[in-house]
Amino acid sequence: MFEGRSTVWLLENILTHPASTLTYIDTFAGGAEHASRDLTNLEARFRANTEPHRAKLVAKKGPSAAMLRELPLGRYDFVSIDGSHEAAACGSKQTRYYSRRSLQLHF
Ligand SMILES: C[S@@+](CC[C@H](N)C(=O)[O-])C[C@H]1O[C@@H](n2cnc3c(N)ncnc32)[C@H](O)[C@@H]1O
């Protein structure tokens, strides 16, 4: 389920330093592949699951193509992209973010 589990895992296993932060981008509207799922209160469930780590989280709610423009390039050590699985989105600029060390893509 995509209710913050990978976010919590990253926070508990990778971002363990007190000064570490995690910036997430999500519309919380799902994609075309989620049309049959009940996404009611998805954002609320994500926030509840990640609440223990709230101080380390930076929220960017909206489409990645727009939200990525607000982020400083080269600022992040690790970037994980697990958003829209639609072909047009996967091939768009939203998947072309350059991190300082690592980029992980899920398609
Ligand atoms: C597989 S889930 C990832 C869940 C997340 N990694 C976690 O910790 O729960 C995919 C997410 O991408 C979001 N999404 C789909 N298309 C998007 C887009 N164009 N921009 C931003 N988020 C998008 C959906 O709302 C969904 O929550």
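Where in the protein is the place of phenylalanine 28? Keep that residue in mind while we get our bearings; the tour comes back to it shortly.

**Stop 1: the whole chain**

Start with a cartoon view, and remember that this is a predicted model. Colour by secondary structure and you should find 4 helices and 4 strands. Walk along the sequence and the elements follow the pattern α-β-α-β-α-β-α-β. Of the 107 residues of the protein, 9% count as buried. Now think about contacts between residues with a separation of 6 or more: 68% of these join residues 24 or more positions apart.

**Stop 2: strand 1, helix 2 and strand 2**

Select residues 22–26 for strand 1, then add residues 42–50 for helix 2 and residues 57–61 for strand 2. Together, strand 1, helix 2 and strand 2 make a right-handed β-α-β unit. Hide the helix for a moment and look at the two strands: they run parallel and are joined by 5 bridges. Two pairs make handy landmarks here. Leucine 22 has leucine 57 of strand 2 as its bridge partner, and aspartate 26 stands opposite lysine 61, also in strand 2.

**Stop 3: the loop between strand 1 and helix 2**

Here is the reply to the opening question: phenylalanine 28 sits in the loop between strand 1 and helix 2. Check its backbone and you will see a positive phi of about 60°, although phenylalanine 28 is not a glycine. Is phenylalanine 28 buried, partly exposed or exposed? It is partly exposed, because 15 other C-beta atoms lie within 10 Å, and that count falls between the cut-offs of 12 or fewer for exposed and 20 or more for buried.

Next, select asparagine 41, which is found in the loop between strand 1 and helix 2 as well. Asparagine 41 is not a glycine either, yet it has a positive phi of about 60°. This residue counts as exposed, because it has 12 C-beta neighbours inside 10 Å.

**Stop 4: around helix 2**

Bring helix 2 back and show the side chains of Leu42, Phe46 and Thr50, which are buried. Why do these three lie on the same side of helix 2? They cover an arc of only 55° around the axis, so they share one side of the helix. The spacing fits a simple rule: an α-helix has 3.6 residues a turn, so residues three or four places apart point the same way. Follow the buried residues of helix 2 outward and you will find them packing against helix 1 and strand 2. Then rotate to the face turned away from that buried side, where you will meet the exposed residues Ala44 and Ala48.

Before leaving the helix, click on arginine 47, which is found in helix 2. Arginine 47 counts as partly exposed, because it has 16 C-beta neighbours inside 10 Å. Now draw a distance to glycine 4: the two are 43 residues apart in sequence, but 7.7 Å apart in space, C-alpha to C-alpha.

**Stop 5: the loop between strand 3 and helix 4**

Move on to strand 3 (78–81) and helix 4 (87–90), and find histidine 85 in the loop between them. Histidine 85 is partly exposed, because 13 other C-beta atoms lie within 10 Å. A distance drawn from histidine 85 to glycine 31 reads 7.4 Å between C-alpha atoms, with their positions 54 residues apart in sequence.

Serine 84 lies in the loop between strand 3 and helix 4 too. Serine 84 is buried, because 22 other C-beta atoms lie within 10 Å. Its C-alpha atom is separated by 9.6 Å from that of proline 63, and the two residues are 21 residues apart along the chain.

**Stop 6: the ligand**

Finish by selecting the ligand and its surroundings. How many residues surround the ligand? There are 19, and the closest are Phe2, Ser6, Thr7, Ser64 and Ser84, so-called neighbours that include the serine from the previous stop. Helix 1 (5–13) and strand 1 each supply at least two residues of this shell, and helix 1 gives the largest share, with 3 residues. Colour the shell by residue type and you will find 6 nonpolar, 9 polar and 4 charged residues.

Conventions:
Residues numbered from 1 in each chain as written. Predicted model: local features only at pLDDT ≥ 70, side-chain atom pairs only at ≥ 80, totals over all residues. Near = placed C-beta within 6 Å. Nonpolar A, V, L, I, M, F, W, Y, C, P; charged D, E, K, R; others polar. Pairing = 2+ DSSP bridges. Right-handed = clockwise from strand over helix to strand, strands pointing away. Contact = placed C-beta atoms within 7 Å. Arc of directions from axis to C-beta.
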